[in-house]
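Please open the model in your viewer and keep the selection tool at hand. The stops below each begin with something to select and go on to what is there.

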Amino acid sequence: MANRPARSTAKRGEINIGSGFRLSFALLDVLYANQFEGQLIDPEVAHQTEQNFYRGAPPKWLNFHISEQAEPGGTPFIKRDGYKKLVEQIQQRRKLPGVSTVKLFHQPGCGGTTLAMKVLWDLRKTFRSAVLTGSTPDITDVAEEVVDLFTAGDRGDQNTVLLLVNNEKISEDLQDVIMMKIAERNIVTHKPVVIFLSCVRKNAVLQSDHVFLPDVLSDTEKQKFDEKKKEIYRRYSDKCSQFHGFNIMQTNFSEDYVEQACEVLSGGQSANKPKKTQLAAFLSLLNAYVPGSYLLESQCLDFFKSGDYIHGDSSLEDRMKPFSHLIVTFQQDKRSEKKVCMAHPMIAQCCTELMARAGVKRSDTARDFITCLCRDELPPFLVGFIKDMLTRRKRVIKEENPVNSAEMTEDLERFSRLILDIQKLEGKVQSASVLEMATKKFKKNPFFPQALARFYYIELKDYCLAEMWANTAKSRDPLNSFIADTLGQVHKNHLKKIERSTKPREILQLATKAIEAFKDEERLAEKERGTDMKGHVNTKISHYFNTRGLLGYLEVCIIVYDLLVSQNEIWRGVLTKQVSLVSVLEVLGDNKLLRFNHLIKMLRVEVERKCAFYDKYLTFSKPDMTKDDPSYITEGTTKCYSLFVVHSPSKKVQEKGADLIQNLKQKFADTFARVLSCLDRECTESDLQKITTWWEEIFLQKDSVTALANYILAQIMLKNIGAIFPLENQHLTAFKEKEIPEDSPELQMLTLLLCWPTDSEDKCILDFSKLISRLHCSYEHAYKIHFRSRYLCPLFFIGKGQDLNRIVHRKVIEEMFLEENEETTQHQNTTWSEEKIFKSQTVQAHLLRVEGVVRNYRVFATFGGTVIEVDANLRNKLWRPRQVSFYLGFTIRGAVAFDIQTKPAEMVQISETESSELSPVLSALTDTTGVQISETESSELSPPQSALTDTTGGEHFVDRYRTALINGVRDTGTILEKLKDQRMISNEDYEAVRALETTQDQMSGILQCLTSAGTRGKDALYDLLKRMKSMRPLIVELEESE
């Protein structure tokens, strides 16, 4: 009789679970700790499963079970060389709290998925292993199921989930959502919640510590495959010749083997192809260009039915002879339909090439595929495969610096691999023909006409047809700003290609079309919302804010400026509003240019507005912690601003302070963001002094709070380069007293930075909760829509000085770190993602560590009796409640804790006064879900009780009631975890006590371990018992008995 499915426990044990719990997982394929144990597997099913796997079908859990039940003398399941490193990395992540990720990159057909599943299988009794199924499920639902599996329906029975995912983005998005779900349920985690095993197909990767599985075997792997081949031959004899999935790897991915296996297709005909040849061609093309793709068996059989009365009800295998051995049919589970694919990606590629040599071209196969297999309404998965085949652009590694191979980046190819191959082998017209057929076949899909428009303007230079197809794409998805971008790109590229002698009127006509297209794109982008943002029911959802419309506008302005000014210098003044178009029409010799007067008048205004946006966008944020924005954005915006603004003073110079503003524009310091970026642009001390003086003069002339803020900011910049420049203290005082506009996150952030309490202040004078709340609201209103999904860069840190001297610019500590670690320059992108910068002794000496506490998955800074909630740079540091210290940074959204470190137990000392001041503040705090921190949780922030010894005999409470504690304490598992986290007991003692059978023995063992820790260990146990709800009655009873 089969055992009931069991979940693994933290002690590597197993607990049976009910069917209700199993059925609750709709998105996870859960691998149970006792999978297949006690089951009688039908020998025929086992043989068929094993043969399918060797032929090339994806692995099933049963494959791993079969390998463990092999006959004596059999060889073990082959583990590729990355196995050991993967397991080691997973075990290392097990020591980290919360959520972490291990990445496996692999080339298609190299056994990457098999290796990942083997790791899950081998660790199923240590972790709760599962595979994320489906394409792009709702991450909130996934997070719910992950948390359910982590707790297994019982908060006291937590165990880490090991989750296999095939999408890097999903694992990144899931991290915060899982923490939110844990917090919503008030779950206290005693161990890591989930370790993601991210298994992603990639042909090459940048240098990293991740495991990469290539299409080449090591000597050790060759030996393993050779031994396995002998065993397989003994069992299956001649059938082995059709085990292509295994044989290709055993022959070290031999192209000769693949060609020999595919030889049956070499005589394909270009006309009157039998349906089996057509279907083989369809599958080959699809699998060659979309790894992991498939057709349903029912679709394949339906394809044969039309006009085929010969085979009757024959199986697909019979119908496909003599090509059957090149194809595998598999079923992932009993609920899913059977799927069909080629036995290996190399076979798919070879078949496609052999058919092309025989006259069955890729373009013909693609068109036939669309015509013959896409007659009725298609399932979404197949539409997705076709879309990937025709429009998905492959990422390729580009070497930026040939001298230094470490300087490499990823870039997108211009078109999909299939379109590029057709273009190379058959010509551009055939590529366009395939895309056009897909466009007409899938009448609602915007991506095919978008790709077609791109092909026309990039490759065929036919801008009229490109415009037509771009408009077609736009009409199919009128709210999508990324689709709208294509029309602007068509006109912009047309403008770039026209003759320099083209008449100004024609130049401006084309520029008008491009500018209107990019303005429309910008309008659509402003209306789009992120997945976590509120909007109208019909609002378009976009993970990223699309800035291409703004950049496209600026690029058009540069092209127009270059074309017109090269013809006549008068255009320089016209375009920059130094002279009016009307006043020079006669000189230009074309009165019809007047129709463009409004466009020209708005160019400089729009350039200033868009460049100001990019200054904030690039200064305050970046794509993520490890990636910078491409340099061409900064180069393009700087060039455009220089042409239209810097070198062309405005006609408004007569206005008060206008000459000073123009001076600041010429130094790229006329806004808060530009002053802030002076250090990144390596401004000289002389320039910074001028900038500071000009802003002070503007403030004195206008009494503007913005000018005053920029003056103070410029002073901070000077301090950070070590310059000595007089500061008018009354200006600083005046700023702190001014009413700060609620719609200015920059000024709100500066106020928070300047007023932040110093390490010498016992009390906080201001209401920082109110200040931070106002800043958050201001940020949400001004920038959230634009910076969504981006990493907010730290702008400043609190240092060890006083007043402005304690404000440290991010650039300063980055330079300190790089000077101390010159060899790490190539890995600079991990500076913030791994917080390596704070390991620098120079940086540590420069910055001030702030004391705080982690509670309810949030972090607070503590000053005297004040508790201030701040954000965390790495939210994975918030899983364990404890007293901490950290460096305090400031982003445009507010204060952020960096390098959060647990305070050593001997340093956790809070005076009775501080404790009494903190308690009411903390007990009033509520988290985002409205769950108030309880008095019990607040007491955890206070120091351990000091009066734990009997005043008469001097005996400790734990010693006095040793017997009562041994007999009365039941939840020894939680106590062990807590004491280990507090480093009161060693890992060895922890494991030894865990191994004891009864709770009495375990409690006795705990008391023995704590004897060596002295009074401090006993204090920790006493404090822990008092905070446990289950122990309160016993502790109260014992205390009252005294």
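Helices and strands are here taken as DSSP runs, helices of at least four residues and strands of at least two, numbered from the N terminus. The model is a predicted one, and with elements named in this way the chain has 47 helices and 22 strands. Before selecting anything, note that buried residues make up 52% of the 1042 residues in the chain, and that, of the contacts with a separation of 6 or more, 71% are between residues 24 or more positions apart.

**Two strands and the loop between them**

Select asparagine 856, which sits in the loop between β18 (849-855) and β19 (858-863). Asparagine 856 is not a glycine, yet its phi is positive, at about 55°. Is asparagine 856 buried or exposed? Its relative accessibility is 17%, and because buried means under 20%, asparagine 856 counts as buried.

Go on to aspartate 899, which lies within a strand, namely β22 (residues 894-902). Aspartate 899 also has a positive phi, near 55°, in a residue other than glycine, and with a relative accessible area of 5% aspartate 899 is buried.

**Helix α8**

Next, select residues 219-236, which form helix α8. At 1.5 Å a residue its 18 residues should span 26 Å, and the C-alpha atoms at its ends are 25 Å apart, which agrees with that expectation. Now colour Glu221, Phe225, Lys228, Glu231, Ile232 and Tyr236, which are the buried residues to look for in α8. Because they cover an arc of only 125° around the axis, they are on the same side of α8. An α-helix has 3.6 residues a turn, so residues three or four places apart point the same way.

Turn the view to the face of α8 directed away from its buried side, where the exposed residues Asp219, Lys230 and Arg234 are carried. What covers the buried residues of α8? Among the elements that do so are α2 (43-55) and α9 (244-250), which can be added to the selection. Just after α8, stop at serine 237, where phi is positive, at about 45°.

**Helices α26 and α27**

Move to α26 (residues 597-620) and α27 (residues 631-646), two helices that pack at an angle of about 145° with their axes 10 Å apart. The crossing in which α26 passes α27 is left-handed. To see where they meet, show the side chains of Leu603, Arg604, Val607, Glu608, Cys611, Tyr614 and Leu618 from α26, together with Ile633, Thr634, Thr637, Cys640, Tyr641, Phe644 and Val645 from α27. Sorted by class, this contact of α26 with α27 has 10 nonpolar, 2 polar and 2 charged residues.

**Two loops to finish**

Select leucine 96, whose place is in the loop between α4 (82-93) and β4 (99-106). With 40% relative accessibility, leucine 96 counts as partly exposed. Add proline 192 to the selection: leucine 96 and proline 192 are 96 residues apart in sequence, while their C-alpha atoms are 6.4 Å apart in space.

The last stop is proline 322, found in the loop between α13 (316-319) and β10 (327-330). Show the backbone here together with lysine 321, and look at the peptide bond that runs from lysine 321 to proline 322, which is cis, with omega near 10°.

Methods:
Residues numbered from 1 in each chain as written. Predicted model: local features only at pLDDT ≥ 70, side-chain atom pairs only at ≥ 80, totals over all residues. Heavy atoms only, no water. Expected span 1.5 Å × (residues − 1). Buried < 20%, exposed > 50% of the residue type's maximum accessible area, 1.4 Å probe, protein only. Arc of directions from axis to C-beta. Contact = heavy atoms within 4.5 Å. Axes fitted to C-alpha atoms, helices over the stretch in contact; angles between N-to-C directions. Left-handed = near helix turned anticlockwise from the far one by under 90°. Nonpolar A, V, L, I, M, F, W, Y, C, P; charged D, E, K, R; others polar.
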